[in-house]
Amino acid sequence: MDNELRLFPRLAWSRVRGQLEYRLSFALMLIGYFVMTLADFLAIWVIFQHLPLLAGWSLGEVAFLYGTSYVSFRIADMVVGHLDMLPTLVRTGALDTVLTRPLGSLYQVVTIDFGLRHVGAIAQGLVILVIACTTAGIPWDAGRALMLLVTIACGTAIFIAIWIVGATTVFWTLGSGLEVLNAFTYGGNQMANYPINIYAGWLRRIIAFFVPLAFVTYFPSLYILAREDPLHTPELLRFASPLVALAALLVARAVWGQGIRHYQSTGS
Amino acid sequence: MRLYWEVFRHGYRRWATYRAATAAGVFTNTVFGFLRAYVLVAVFAASATIGGYDRSDALTYVFLGQGMIMAVYMWSWWEIALAIRSGDIVTDLSRPFDYQAYWLAQDLGRACYHAVFRGIPPFVVGAIVFDLRMPESPLTWVLFAASVVMAVCVSFGVRFLVNLAAFWLLDYRGVGAIATACGTFLSGFVVPVAFFPGWLAVIAHALPFRGMIQVPIDVFLEKESGGALFVMLAVQVGWAAALFAAGRLVLRAARRRVVVQGG
């Protein structure tokens with residue numbers, strides 16, 4: 001473990017250098033990501049041009065949900081987004097190389113591509129979050145500031161767990177799972193962008209108790225924004241994110257272990 | 001002509017092989033359809049009509065859009081860019097066929113598969129759960145089909161140009177990210193262009209991306225008729241033609257740039 005911690009910054013830096021080789025392309029990529037994030041948020045902004053409140057939430061409040069969820073999602077993407085390559089690794093048999101090395105398998109797959117481009121996306125999410133923090137009418141105090149940090153940390157952990165569990169399914173589907181994975185990762189982010197009271201009851205129960213997206217930002221945000229829950233859930237849920245995040249990570253690790261044990265090389 | 005027909009069939013079969021991937025894709029497109037639909041349900045609970053759309057129009061819009069994304073294929077198609085990077089492009093360009101027509105035929109074959117197997121299922125699921133709007137005139141179905149084909153052509157025209165940029169930039173991902181962002185938002189895929197405030201609508205109307213999603217859906221929803229409908233479709237066809245022409249010019253310029261690296 002000690003060895004792995006020292007290796008991490010080195011592996012990460014070598015990837016950063018690799019990307020800087022294509023300077024113009026890198027600059028364009030940052031602009032592209034900027035526009036892409038903007039596109040998601042523009043959608044919310046366009047909707048609010050036609051109404052003052054969406055299901056009882058103001059633009060500032062939805063922007064706050066969007067900002068916290070997006071920053072968490074992009075940090076998770078930076079850390080484990082490369083799991084999107086896992087279907088290819090499994091299909092081509094390249095995962096065998098990973099398994100023979102003297103490092104944890106999850107650790108290696110995770111660090112194969114430490115994308116610097118994500119830094120731009122995170123920064124941009126932060127810009128929206130900062131604007132939201134000043135316009136959503138939050139009664140700021142130390143507790144709320146701390147809660148904001150906790151929310152982002154827990155949100156990141158929950159997205160990481162979802163990513164790992166989703167990616168692990170390819171061990172059983174033999175490499176054709178990327179699209180389903182996207183439904184949970186990108187879909188999860190999209191879902192957490194909006195207050196969950198807009199979704200139908202069955203969908204809400206899934207995201208509150210099965211894929212714990214409601215704990216990414218909805219519940220803790222109710223506390224930070226000091227607002228009534230239109231769903232009248234118990235107040236305790238607003239502080240439950242750390243426990244949920246920890247549980248999600250433990251489940252993810254166990255599922256990954258099962259997947260690796262189930263893995264049979266394609267042998268090519 | 002025979003060659004391009006075979007390439008078209010090959011493009012179709014290449015995708016038809018992966019049944020599990022198709023099922024997975026349908027699942028994902030449908031899930032996203034539901035997420036987007038519920039946002040709109042909340043929107044139309046607060047406002048009866050927006051930009052001439054009512055609730056039923058907007059929900060139809062979502063599921064048609066979810067069905068069309070794979071056929072239109074606005075995300076991640078880098079086969080030419082990768083061939084440029086690897087150097088395989090040299091062999092491809094020396095083959096005795098029209099390079100652009102070859103890829104267009106291949107892409108239309110792919111789109112044909114995706115339109116049927118990735119397009120219809122999400123729409124049917126959406127129609128079962130929500131109250132969607134069906135065209136009143138049978139002619140609308142024909143025009144819609146034609147407009148979807150044109151949408152694929154517009155998208156292909158954009159993607160072909162973006163891929164060729166790799167001749168100058170080597171790394172395709174930068175231009176790709178920008179094209180993807182424009183294709184996603186200015187096509188009306190995320191929010192209908194009809195919802196855009198004035199200045200943004202002006203930008204969207206001045207660019208080709210609208211022809212990838214908004215135009216076919218507006219045909220389906222019978223938003224325009226007579227002369228206005230004709231103009232809308234003519235603009236879409238015009239963009240496809242202009243993008244093809246631009247693609248040929250850029251390809252000619254690129255041919256002069258090709259430097260064969262040994263090895």
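**A quick tour, starting in chain B**

Start by selecting Met68(B), Ala71(B) and Val72(B) in α3(B), then add Val148(B), Ala151(B), Val152(B) and Ser155(B) from α7(B): these two groups meet each other. Keep in mind that you're looking at a predicted model. Sorted by class, the residues of this contact come out as 6 nonpolar and 1 polar, with no charged ones.

Now widen the selection to both helices in full, residues 55-72 for α3 and residues 138-164 for α7 of chain B. Their axes come within 9 Å and cross at roughly 50°. Angles from 35 to 65 degrees count as oblique, so α3(B) and α7(B) are oblique to each other. Turn the view until one helix lies over the other, and you have a right-handed crossing of α3(B) and α7(B).

Next stop: α6 of chain B, residues 99-129. How far does this helix of 31 residues reach from its first C-alpha to its last? The span is 44 Å, close to the 45 Å expected at 1.5 Å a residue. Click on His114(B) while you're here, as that's where α6(B) bends by about 35°.

Finally, bring both chains into view. Here 38 residues of chain A are in contact with 35 residues of chain B. Which elements of chain A should you pick to see its side of this contact, counting those that give two or more residues? Go for α2 (23-48) and α10 (178-192). The largest share, 16 residues, comes from α2(A). Color chain A's side by class and you'll get 27 nonpolar, 10 polar and 1 charged residues.

Notes. Residues numbered from 1 in each chain as written. Chains lettered and ligands numbered in written order. Predicted model: local features only at pLDDT ≥ 70, side-chain atom pairs only at ≥ 80, totals over all residues. Contact = placed C-beta atoms within 7 Å. Helix = DSSP H or I, 4+ residues; strand = E, 2+ residues; numbered from the N terminus. Nonpolar A, V, L, I, M, F, W, Y, C, P; charged D, E, K, R; others polar. Expected span 1.5 Å × (residues − 1). Bend = angle between axes of the 7 residues up to and from the residue. Axes fitted to C-alpha atoms, helices over the stretch in contact; angles between N-to-C directions. Parallel < 35°, antiparallel > 145°, perpendicular 65-115°, else oblique. Left-handed = near helix turned anticlockwise from the far one by under 90°.
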